[in-house]
Amino acid sequence: MSLADVKKNAQDRMVKSIETLRADLAKVRTGRAHTGILDHVTVDYYGSPTALPMVANLTLVDARTIGVQPFEKKMLGAIEKAIRDADLGLNPSSQGEMIRVPTPPLTEERRKEMVKLTKSEGEDAKIAVRNIRRDANEALKKMVKDKTASEDDERRSSDEIQKLTDKAVADIDKLLGEKEKEILTV
């Protein structure tokens with residue numbers, strides 16, 4: 001493994017950490033309806049737990065209502081029960097072949113809880129990035145010990161990895177700031 005490989009690996013892993021955070025933040029509910037909040041709901045589909053988007057079509061009916069159209073009509077009850085049991089604070093109601101899921105407006109207290117949750121997710125992402133930095137630096141030190149890289153190369157590469165880390169942490173802070181603003185906007 002070369003110095004370039006260590007840096008590339010660290011950079012790729014940091015990008016994946018940021019993308020994971022972005023996906024997790026998309027699931028956090030703001031005041032508007034968003035089909036992403038139902039993505040992790042699992043439905044008992046003929047005995048096996050299946051993600052809701054695999055058994056139904058999710059659409060936005062209006063700014064505060066999500067429409068769930070099951071692919072099979074007999075899944076209506078199971079889907080409705082799964083949404084209710086998902087502990088999202090949502091109360092679905094069947095209307096013919098469609099389930100309407102109104103999203104209640106968030107209270108100020110609930111908004112503050114959501115901000116705390118997003119900050120906690122962000123801190124987890126920062127910890128992941130720092131762990132990636134540590135792993136890369138350890139790989140560089142091992143290369144110096146094995147005499148496959150000079151100490152100067154190791155120092156330069158370590159500085160570059162620190163710059164990658166700083167950039168990743170700044171990106172995480174930016175994502176958190178945007179999400180916090182979105183949550184607190186009434």
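Two strands pair if DSSP finds at least two bridges between them. The exercises below apply to a predicted model.

**Exercise 1.** Determine in which sense strands E1 and E2 pair, and which residue of E2 stands opposite Val43.

Solution. Strand E1 covers residues 42-45 and strand E2 covers residues 48-51. Four bridges link E1 and E2, and the sense is antiparallel. Within this pairing, Val43 has Thr50 of E2 opposite. The hairpin of E1 and E2 has two residues between the strands, and Tyr46 adopts a positive phi near 50° there.

**Exercise 2.** Classify the geometry of the aromatic pair formed by Tyr45 and Tyr46, then state how exposed each residue is.

Solution. A pair of aromatic rings is described by the distance of the centres and the angle of the planes. The count of aromatic pairs comes to one. In that pair, the rings of Tyr45 and Tyr46 lie 4.8 Å apart, centre to centre, with 70° between the planes. Planes over 60 degrees apart count as edge-to-face, so the pair of Tyr45 and Tyr46 is edge-to-face. For accessibility, partly exposed lies between 20% and 50%. Tyr45 has a relative accessible area of 25%, so Tyr45 is partly exposed. Tyr46 reaches 54% and therefore counts as exposed.

**Exercise 3.** Compare the span of helix H1 with the expected value, and find which helices its buried residues pack against.

Solution. Helix H1 (residues 3-27) has 25 residues. At 1.5 Å a residue, 36 Å is expected. From first C-alpha to last, H1 reaches 37 Å, close to that value. Buried residues of H1 include Leu3, Met14 and Leu25. The buried residues of H1 pack against helix H4 (108-145) and helix H5 (151-184).

Technical notes:
Residues are numbered from 1 along each chain as its sequence is written. This is a predicted model: local features need pLDDT of at least 70, side-chain atom pairs count only at pLDDT 80 or more; totals for chains, interfaces and linings use all residues. Side-chain values use heavy atoms; hydrogens and water are left out. Rings of Phe, Tyr and Trp (its six-membered ring) pair if their centres lie within 6.5 Å; planes under 30 degrees apart count as stacked, over 60 as edge-to-face and the rest as tilted. Buried means under 20% relative accessible area, exposed over 50%, partly exposed in between (1.4 Å probe, protein chains only). The expected span of a helix is 1.5 Å times one less than its number of residues. Contact means heavy atoms within 4.5 Å.
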